Structures are given as structure tokens and as C-alpha cells.
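This report describes a protein model in terms of its helix packing, its charged pairs and its backbone. The sequence and the structure are shown first, and the description follows.

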Amino acid sequence: TKLTDLTGFKDPLYIDDNAIEFLRDEAFKIADENPKLALSLMSLALAFRPHGPVIKSTVLELKARLKC
């Protein structure tokens with residue numbers, strides 16, 4: 001995976017789409033064995049992609065499962 005050079009980027013809150021997808025994908029991988037960590041990863045992804053329907057629905061599902 002090629003990393004994006006962010007040294008000249010002005011927005012300190014920017015996160016590359018690949019990083020968001022990585023967080024989402026890793027959360028899916030561990031959701032059954034560690035739903036609490038999966039929720040943390042997915043919530044972080046949601047913070048950077050607040051209109052992502054899959055991320056949003058997964059956060060709601062994990063919260064329901066953990067009774068948060």
C-alpha cells in the first residue's frame with residue numbers, strides 16, 4: 001500500500017481514505033472476538049467519515065451488542 005505524503009498538507013484533521021478503510025476493515029475482522037475494540041476503531045472511522053452508511057450502521061450494531 002502506497003502512503004500519501006502529507007507533509008505539505010495544511011489541514012491537521014485530514015486523514016487519507018485508505019486509513020479510514022483500514023480502520024473499518026480491521027474493525028470488521030475483530031468484531032466477533034473483540035467487539036469493544038471494533039467499536040473503538042469503527043467510531044474513529046466514523047469521526048472522519050460521518051456520512052458513511054456502512055460505518056454508521058456498524059457502530060449502531062456494535063453499540064447495541066455491547067449495550068452502550
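**Packing of α1 and α2**

In this predicted model, helix α1 (residues 17-30) and helix α2 (residues 35-48) have axes that come within 8 Å and cross at roughly 160°. The two helices α1 and α2 are therefore roughly antiparallel to each other, as angles over 145 degrees are counted in that class. Their crossing is left-handed. On the α1 side, the contact is made by Ile20, Leu23, Arg24, Glu26, Ala27, Phe28 and Ile30. Helix α2 contributes Pro35, Leu37, Ala38, Leu41, Met42, Leu44, Ala45 and Phe48. Sorted by class, the residues in the contact of α1 with α2 are 13 nonpolar, no polar and two charged.

**Overall composition**

The protein contains three helices and zero strands, and its elements run α-α-α from the N terminus on. The protein has 68 residues, of which 24% count as buried. Of the contacts between residues at least 6 apart in sequence, 43% join residues at least 24 apart.

**Salt bridges**

Side chains of opposite charge can pair when their charged atoms come close. In this protein the count comes to six salt bridges. The table lists some of these pairs, with the separation of their closest N and O atoms.

| Acidic residue | Basic residue | Closest N and O atoms |
|---|---|---|
| Glu21 | Arg49 | 3.7 Å |
| Asp25 | Arg24 | 3.0 Å |
| Asp32 | Arg65 | 3.9 Å |

What does the salt bridge between Glu21 and Arg49 tie together? Glu21 forms its salt bridge with Arg49; Glu21 lies in helix α1 and Arg49 in the loop between α2 and α3 (53-66), so the pair ties together parts that are 28 residues apart in sequence. Both partners are partly exposed: Glu21 has a relative accessible area of 29%, and Arg49 has one of 22%. Salt bridges that share partners also join Asp17, Glu21 and Arg49 into one network.

The salt bridge of Asp32 with Arg65 links another pair of regions. Asp32 lies in the loop between α1 and α2, while Arg65 lies in helix α3, so this pair ties together parts that are 33 residues apart in sequence. Asp32 counts as exposed, at 72% relative accessibility. Its partner Arg65 counts as partly exposed, at 37%.

Arg24 forms a salt bridge with Asp25, and Arg24 is also one of the α1 residues in the contact with α2. Asp25 counts as partly exposed, with a relative accessibility of 32%.

**Backbone at Lys67**

Most residues other than glycine have a negative phi. Which sign does the phi of Lys67 have, given that Lys67 is not a glycine? The phi of Lys67 is positive, at about 55°. Lys67 is located in the segment after α3. Lys67 is exposed, because its relative accessible area of 75% is over the 50% cut-off.

**Summary**

The description comprises three helices in the order α-α-α, with α1 and α2 roughly antiparallel to each other and in a left-handed crossing. The salt bridge of Glu21 with Arg49 connects helix α1 with the loop between α2 and α3, and that of Asp32 with Arg65 connects the loop between α1 and α2 with helix α3.

Key
Residues are numbered from 1 along each chain as its sequence is written. This is a predicted model: local features need pLDDT of at least 70, side-chain atom pairs count only at pLDDT 80 or more; totals for chains, interfaces and linings use all residues. Side-chain values use heavy atoms; hydrogens and water are left out. Axes are lines fitted to C-alpha atoms, for helices over the stretch in contact, and angles run from 0 to 180 degrees between N-to-C directions. Helices (H or I, at least four residues) and strands (E, at least two) are DSSP runs, numbered from the N terminus. Angles under 35 degrees count as roughly parallel, over 145 as roughly antiparallel, 65 to 115 as roughly perpendicular and the rest as oblique. A crossing is left-handed if the near helix is turned anticlockwise from the far one by less than a right angle, and right-handed if clockwise. Contact means heavy atoms within 4.5 Å. Ala, Val, Leu, Ile, Met, Phe, Trp, Tyr, Cys and Pro count as nonpolar, Asp, Glu, Lys and Arg as charged, and the others, Gly among them, as polar. A salt bridge is a side-chain nitrogen of Lys or Arg within 4 Å of a carboxyl oxygen of Asp or Glu. Buried means under 20% relative accessible area, exposed over 50%, partly exposed in between (1.4 Å probe, protein chains only).
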